[in-house]
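Me: I am new to this structure. Please take a close look at one helix and its surroundings, and explain how it sits against the rest of the chain.

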Amino acid sequence: MESIGTAEEVFNYRDMFLNGEKCCRGVMWKQSAQNFHRHLFSRTAVNRKRALNNYKPRRLVSFKIHERGKVRPIDAPHIDDRQIQKTLCRKVLLPMYKPRMIYDNGASLEGKGLEFSQRQLDKALRNHIKQYGLAGWVITADFKGFFPNADRDIIIKRHGEIPNPKLREIADTITRSGKGDRGLPLGVEPSQMEMIALPSPLDNYMACQMQLKGFGHYMDDYHIFVPPGRDPEEIMQTFIRKASELGITVSMNKTKITPLGEAFRYCKMKRQIIGGRVVKNGCRNSYIRARRKIKMFARTEMSYEDIYTSVTSTLSYFDKTNNHNSQLRLKQLFFSLFGFSCENIEEFRRRDAIRMSSEIQEKGSVRT
């Protein structure tokens with residue numbers, strides 16, 4: 001921790017400038033991001049001064065998004081605060097928390113993500129079948145109000161390991177910036193880092209002390225493979241007890257013990273062993289939303305390149321499952337609405353070029 005350095009070393013101009021550029025990636029369509037990037041040299045100097053002199057975040061912007069069929073409240077910080085908070089995450093919080101995380105903690109870390117967690121689950125499932133066959137159980141668990149019910153006192157207590165008092169004060173201030181006395185805002189990057197690392201004592205206890213080989217999670221979605229000869233009910237109660245010590249409440253409605261021969265769900269993907277192979281089925285609601293999305297694309301004026309990106313990402317989800325008929329029906333729907341294959345990227349580019357040339361001709365005729 002001492003190698004992190006002082007606040008002046010952490011918030012040096014070069015690193016803050018580079019993190020400011022990263023804050024603009026993917027959001028340059030926003031006017032605020034364009035203004036920030038246009039004056040990045042001067043804004044970085046101003047934000048560095050703010051961070052080193054009694055830093056106080058600006059007011060969060062609250063809105064709701066509809067993501068994967070669920071409404072989520074988002075509290076987004078100002079882009080100036082994002083630059084300061086990203087620097088704190090990269091240079092203080094990540095070096096402090098990452099060495100204590102288990103390898104199968106796959107959320108919001110570089111080189112990991114949802115696909116990584118799915119691969120690790122498939123790997124653990126294959127290893128369990130090789131060793132025990134279909135004997136044993138799998139526990140799937142979920143937390144209740146993971147972000148809204150987080151205990152800030154426990155998180156602030158962990159900041160006591162930061163040796164520099166100014167850095168510790170900045171981390172505490174960001175943690176207290178949310179509404180109310182409990183919980184962390186969902187759209188703030190330090191909140192993501194804090195909540196990824198919060199269950200680390202639980203993860204290490206279950207994986208090391210309990211010696212459970214097939215243990216892993218993606219954010220608050222857990223999978224625990226229980227070998228035959230061990231009591232799954234006892235393991236689940238231990239999991240609930242250790243989680244409560246961290247101020248985390250386990251959702252009993254979503255926590256289940258399933259014999260390995262039966263179907264179980266993890267991150268909305270159903271798995272079942274049929275005839276010696278693992279059959280994976282995607283979420284039915286994802287297929288319904290994909291159909292609605294393709295129909296909406298046909299009614300709205302979007303660039304064909306954006307349509308191609310969205311449709312390709314949707315079909316890639318079904319590539320990892322055994323829902324080949326669903327994927328085929330989505331391709332047929334796209335062809336019936338647009339008149340060409342959704343896999344032909346050259347046709348997308350050609351139509352974009354035709355639309356652009358027609359717009360240029362219209363502007364020229366208006367001027368004349």
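Reply: What follows looks at helix H10 and then at the nonpolar core. The model is predicted.

Helix H10 runs over residues 200-209, and its buried residues are Ser 200, Leu 202, Asp 203 and Met 206. These buried residues lie on the same side of H10, because they cover an arc of only 160° around the axis. An α-helix has 3.6 residues a turn, so residues three or four places apart point the same way. The cover over the buried residues of H10 includes two helices, H9 (189-197) and H11 (232-245), as well as the strands S4 (215-218) and S5 (221-226). Just after H10, Gln 211 takes a positive phi of about 55°.

Two of the buried residues of H10, Leu 202 and Met 206, are touched by Phe 239. Leaving out residues up to four places away in sequence, Phe 239 also touches Ala 141, Phe 143, Phe 215, Tyr 222, Ile 224 and Val 250.

Phe 239 belongs to the largest nonpolar core, which has 56 residues. Together with Phe 11 and Phe 143, Phe 239 is among the residues with the most contacts inside that core. Helix H5 (residues 79-97) gives the largest share of this core, 7 residues. There is also a second, separate core of 16 residues, and Tyr 287, Ala 290, Tyr 304 and Cys 342 are among its members.

For contrast, here is a part of the surface. Val 61, Phe 63 and Ile 65 form a nonpolar patch there, with about 240 Å² of accessible area together. Val 61 lies in strand S1 (residues 61-67) and is exposed, because its relative accessible area is 52%, where exposed means over 50%.

Key
Residues are numbered from 1 along each chain as its sequence is written. This is a predicted model: local features need pLDDT of at least 70, side-chain atom pairs count only at pLDDT 80 or more; totals for chains, interfaces and linings use all residues. Side-chain values use heavy atoms; hydrogens and water are left out. A nonpolar core is a set of buried Ala, Val, Leu, Ile, Met, Phe, Trp, Tyr and Cys residues joined through side-chain atoms within 4.5 Å. Buried means under 20% relative accessible area, exposed over 50%, partly exposed in between (1.4 Å probe, protein chains only). Helices (H or I, at least four residues) and strands (E, at least two) are DSSP runs, numbered from the N terminus. Contact means heavy atoms within 4.5 Å. The arc is that of the directions from the helix axis to the C-beta atoms. Patches are made of residues with over 30% relative accessible area and no salt bridge: like charges are joined within 9 Å, nonpolar side chains (Val, Leu, Ile, Met, Phe, Trp, Tyr) within 5 Å. Accessible areas come from the Shrake-Rupley method with a 1.4 Å probe; for residues, only the protein chains shown count as cover. A salt bridge is a side-chain nitrogen of Lys or Arg within 4 Å of a carboxyl oxygen of Asp or Glu.
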